[in-house]
Amino acid sequence: MKTLLRLWFLKSKANIRNLFKKPTSAIFTVCMVLLYGFIIISMFTIKRSPSPMMVTLDLHTSILVLIGFLALMLFSTLMSSKKALFYGNDAFFLFSGPFTRKQIMAYLTLQTIVQSVMIGFFALIFFVGMSSGLSFEPMFVWLLIIGVIFTILIFLVLSDYLYVLSIGDKKYNILSKVIIGIFVFIVMMTLIMTYLQTGELKTLFIDFIQSPLFYFVPVFGWLKLGLISYVTKEYLFVFIGFALLLLTYIIIYLLFINYQGDFYEQALQDSLDFSKRYKSLKEGNQNAMKDVKVKNVTGKFQSGAFAVMSKNFLLMKKTGHILSANDLITISIYIVLAIFTGLGFGFFIYMMVLYIFTSLQNSELATELKNYQIYLIPDKPIKKLIAVMLPTFIKVILIMTISLIIVGIYYQTDFITLIMYLINMIGYICVFMSGSVLTVRILKSRSSRIFENLMRMFIMVVCSLPSVFLTAFVLITGHLNTATLTLISYSSLFMNFVIAVGIIILCQDMMNGRELKSE
Amino acid sequence: MIEVNHLTKRYDQFKAADDVNLVAESGKITILLGPNGAGKSTTIKSIANLLKFEGVIKICGYRNDTIEAKRCFGYVPETPILYDLLTIDEHIDFIGHAYQIKNYQEKAEKYLELFKLTEKRKKMAKELSKGMTQKLSMLLAFMIEPRALLVDEPMVGLDPASIEDTLKLFRALANEGCAILISTHIIDIVSDIFDEAYIMNKGHIIKHVRKEDLQEESLKEYFFELTDGE
C-alpha cells in the first residue's frame with residue numbers, strides 16, 4: 001500500500017506542479033483557491049450572527065437547492081454509460097502490477113474520498129450563493145460539510161459497485177435506472193402527500209419545501225433531517241439523520257469491497273476508453289462522454305469558405321444538434337418556471353441570457369476555431385471566420401425565437417416588444433460568440449472554457465460602460481426620464497453589436513492559422 | 001517549388017528552427033531528415049503557415065500566408081485530423097467545395113481506388129482503422145492536385161503494401177511537376193525515392209545532399225556520420 005500511496009502523492013504533486021508551470025495558470029489557480037477559500041471561510045466567520053439560527057423558508061430552500069444540485073450531479077454519474085474505476089494510466093499499472101485486490105480497493109477508496117471532498121466543497125460554494133442573507137453557526141457548517149461529503153460518497157461508491165456488478169452480469173445494468181426511479185417515485189409521493197395534507201395547489205412548492213415528509217426520501221431526506229434538526233435543537237434527529245447516512249455508506253462500501261466477481265479485464269478496458277474520452281472532452285469535444293447516435297442524412301456543400309458552414313450544418317443534422325432534446329428540455333423548464341412561479345417575462349429573459357451563455361459554452365465553436373484544416377482553406381479569413389460562427393449563431397437564434405414566441409403568446413406581449421427582446425438577445429449572442437473568438441485569438445491553443453467565460457464577462461462589462469456613464473451623467477444632471485432611460489438601454493445594446501463586430505474584424509487574420517498556433 | 005529563407009522559430013529563448021534555408025524544387029522529392037527534436041515538424045508547420053516565424057517562405061512563388069499559396073499546396077500532417085462523423089465521401093465533398101476543385105469526384109475516385117478505400121467510402125472517419133485515416137488524409141491532400149506537397153512522417157500507421165503504393169504515388173506526383181517535401185526520421189523508407197535531402201539537427205540544417213552526390217555511401221550512413229549516431 002505504501003507504493004500506491006506514493007503513487008497518489010506523486011500524482012498530486014505533479015498536478016500541482018503543472019498548475020504552476022505557466023504564470024497565467026499559476027495566477028488563475030491562486031485566484032481560484034483564494035476565492036473558494038474566502039467563500040468557505042466566510043461561512044464560518046463573516047456571516048456569524050449573534051442571534052441563534054432559525055428555521056426559515058430561506059434555509060429550507062437553500063438546503064433543498066443544494067440537495068437538488070447534488071441529486072442532479074450524482075444521478076447523472078449513476079446513469080452515465082461511460083464509467084470507469086480509474087483513469088487509464090492508473091488502471092494499467094494497478095491491474096497489471098504486483099498489487100493485491102485489497103490494495104487496489106484501498107487505492108480506489110482513497111481516490112473516491114478525495115473526489116467526494118472536492119465535489120462537496122464545490123456544492124457548498126453553490127449553497128453559499130443560494131443562501132445569501134442567512135447566517136450559520138460553525139457547528140452547522142461542519143455538519144453540512146460532513147453530511148454533503150457522506151451523501152456524495154454513498155452515491156460514488158454505489159456507482160462503482162453497480163458498475164462492477166454489471167461487468168459480472170449485464171442484467172444489473174438496469175439497477176441504476178431502477179434506483180433513480182425509486183427516488184423520483186418517493187419524491188413524487190411526498191409531493192402528493194403534501195398536497196393531500198394541505199389541499200393547496202398554489203402553495204404546493206412552498207409546502208413541499210418545508211414538509212417533514214421529505215425526510216423519508218433516502219439519503220437526501222436524511223441529510224436535510226440532520227441539518228434542520230440541528231437548527232431546531234432536536235439532537236436525537238440530528239443523530240438519526242447522520243447515523244443513517246453513515247450506516248448506508250458502510251453497507252454499500254462493504255458490499256463493494258467484498259465483491260468477488262472478476263472485473264479486471266473489462267475495468268482496464270473501460271478505464272483506457274474513459275481516459276481517451278476525457279482527454280477528448282478537455283480538448284473541446286462536447287460529445288466525448290457519450291455514444292452519439294448518428295443520423296443517416298446528407299447535405300450539400302457551398303463553395304470556398306462556406307463549405308465549412310455546410311460541413312457544420314451537416315454535422316449538426318447528423319447528431320440532431322440543430323434542435324436537440326437537451327435544448328428543448330432546458331427551454332421547457334425555463335418556460336414552465338417563468339409561468340408557474342409567476343416570475344414573469346423579465347425572469348424568462350434573464351434565464352434566456354443564461355441559456356445563451358451555457359449553450360455557447362457547450363457549442364463546438366471554440367474547437368472549430370482551433371481546427372487547422374480550416375486555416376488551410378484558400379479563402380478570405382473574414383469569410384472563414386463568419387462561416388465558422390454562422391451555424392452556432394443560427395441555431396441559438398432559432399431556439400431563442402421559438403421560445404420568445406411561446407412565452408410572448410402566453411403573456412400576450414405585442415409584436416414590437418418581442419422583436420426588441422429578440423434584438424437584445426442577438427446582441428448577447430454576438431457578445432458571447434465574439435468572446436470565444438477573442439479568447440482563442442489571445443490565448444491561442446491554450447484557451448479554455450474558463451478563460452472564454454471570463455472573457456465574455458469582461459466584454460459584457462465593457463459593453464455596459466457607456467450605459468453606466470450615461471446613467472451617472474443623467475443622475476448628476478437630473479435629466480432622468482423615460483426617454484433618457486431608453487437611450488441608456490439602447491446604448492448598451494448598440495455597444496454589444498459594435499464591440500462584437502469590432503472583435504470579429506480585428507481577429508479575422510487568426511483564420512490563417514499562424515496567429516493561433518504560435519506558442 | 002517551396003522556398004524557405006532564413007526561417008527562425010523561437011519558443012521563448014529556445015530556437016526550434018534557427019536560420020533554416022531550403023528549397024524543395026518542382027518535380028523532385030526532397031527529404032527533411034533529422035533525429036527527434038531536430039526541428040523538422042516546426043519547419044513543416046511553419047511552411048504550412050501554422051506557426052508564426054521569422055523569415056520568408058514562398059510556395060509556388062507566393063508568400064505562404066496568401067490564398068494563392070494555400071490553393072496550390074497540400075499538407076499531410078503526422079496525425080490525421082478528420083471529422084469523426086463525416087464519411088469518406090463527405091470529406092471529399094467538403095474539401096472539393098472548399099478548394100473549389102472542378103471535377104473533384106473524378107480526381108478523388110482515382111485515389112480511392114489506389115488506397116483501396118472505395119468500399120469504405122460510406123464509412124465515417126471514426127469507423128476507419130489508423131492506417132485508413134492516414135490514407136484518407138493523404139487522399140484529401142492529393143485530390144486538390146497540389147503543385148507543392150508537404151508531408152509530415154507519412155508512413156506512420158501504414159502497412160508495407162500501402163507504404164509501397166504511397167512511395168510510388170509520390171514519385172508519380174513529382175514526375176508531374178509537384179514539389180514534394182517529406183519530413184521523416186525513418187531513413188530506410190525514403191532512401192530509394194529521394195532526390196535531395198536536408199539533414200537537420202538541433203534546429204539547424206547541417207547538410208544539403210543530392211542523391212547523385214552520394215557515392216558508395218548510403219543515406220543512412222551519411223546521416224549517422226553527420227549526427228554522431230543520434
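Here is a walk through a two-chain model, from the overall build of chain A to single residues in chain B.

A quick note before we set off: this is a predicted model, in which local features need pLDDT of at least 70 and side-chain atom pairs count only at pLDDT 80 or more, while totals for chains, interfaces and linings use all residues. Residues are numbered from 1 along each chain as its sequence is written, and chains are lettered from A, with ligands numbered from 1, in the order in which they are written.

Let's start with chain A as a whole. It has 20 helices and zero strands; helices (H or I, at least four residues) and strands (E, at least two) are DSSP runs, numbered from the N terminus. Its C-alpha atoms fill a box of roughly 65 × 60 × 45 Å along the principal axes. With 519 residues, a compact globule would have a radius of gyration near 24 Å, and the 26 Å of chain A agrees with that (the radius is taken over C-alpha atoms, and the globule rule is 2.2 Å times the number of residues to the power 0.38). Of those 519 residues, 30% are buried. A residue is buried if 20 or more other C-beta atoms lie within 10 Å of its own, exposed if 12 or fewer, and partly exposed in between, with C-beta atoms placed from the backbone.

How does the chain connect up with itself? Among contacts with a separation of 6 or more in chain A, 75% are between residues 24 or more positions apart; two residues are in contact if their C-beta atoms, placed from the backbone, lie within 7 Å. The domain assignment splits chain A into domain 1 (54-280) and domain 2 (305-512), with bounds that come from an automatic or database assignment. The C-alpha centres of these two domains lie 35 Å apart. For another feel of the distances, take F93(A), which sits in helix α4 (residues 88-96). F93(A) and T471(A) are 378 residues apart in sequence and 63 Å apart in space, C-alpha to C-alpha. F93(A) itself has 14 C-beta neighbours inside 10 Å, so it counts as partly exposed.

Now zoom in on helix α9 of chain A, residues 220-231. At 1.5 Å a residue its twelve residues should span 16 Å, and the end C-alpha atoms are 17 Å apart, which agrees; the expected span is 1.5 Å times one less than the number of residues. Eleven of the twelve are buried, so α9(A) is largely enclosed by the rest of the structure. Those buried residues pack against α3 (57-79), α6 (138-168) and α10 (235-257) of chain A. Just past the helix, K233(A) takes a positive phi of about 65°.

Helix α20 of chain A (residues 482-507) is worth a look too: it has 26 residues and reaches 38 Å from first C-alpha to last, close to the 38 Å expected. Its buried residues are M495(A), N496(A), I499(A), A500(A), I503(A) and C507(A).

Where do the two chains meet? The contact takes 25 residues from chain A and 21 residues from chain B. On the chain A side, α12 (306-319) and α16 (372-376) are the elements that give two or more residues, and α12(A) provides the largest share, seven residues. The residues on that side divide into eleven nonpolar, eight polar and six charged. Here Ala, Val, Leu, Ile, Met, Phe, Trp, Tyr, Cys and Pro count as nonpolar, Asp, Glu, Lys and Arg as charged, and the others, Gly among them, as polar.

Next, the nonpolar cores: sets of buried Ala, Val, Leu, Ile, Met, Phe, Trp, Tyr and Cys residues joined through C-beta atoms within 7 Å. In the largest, of 123 residues, L139(B) and I180(B) touch the most other members. Helix α18 (residues 415-443) of chain A gives the most to this core, with eleven residues. Apart from it lies another core, of 52 residues, among them L223(A), V238(A), F242(A) and I252(A). L223(A) is also one of the buried residues of α9(A).

Finally, a few stops in chain B. N49(B) sits in the loop between α1 (40-47) and β4 (54-59), and its phi is near 70°, a positive value in a residue other than glycine. With 26 C-beta neighbours inside 10 Å, N49(B) counts as buried. K202(B), in the loop between β9 (196-201) and β10 (204-210), has a positive phi near 50°, and with 15 such neighbours it counts as partly exposed.
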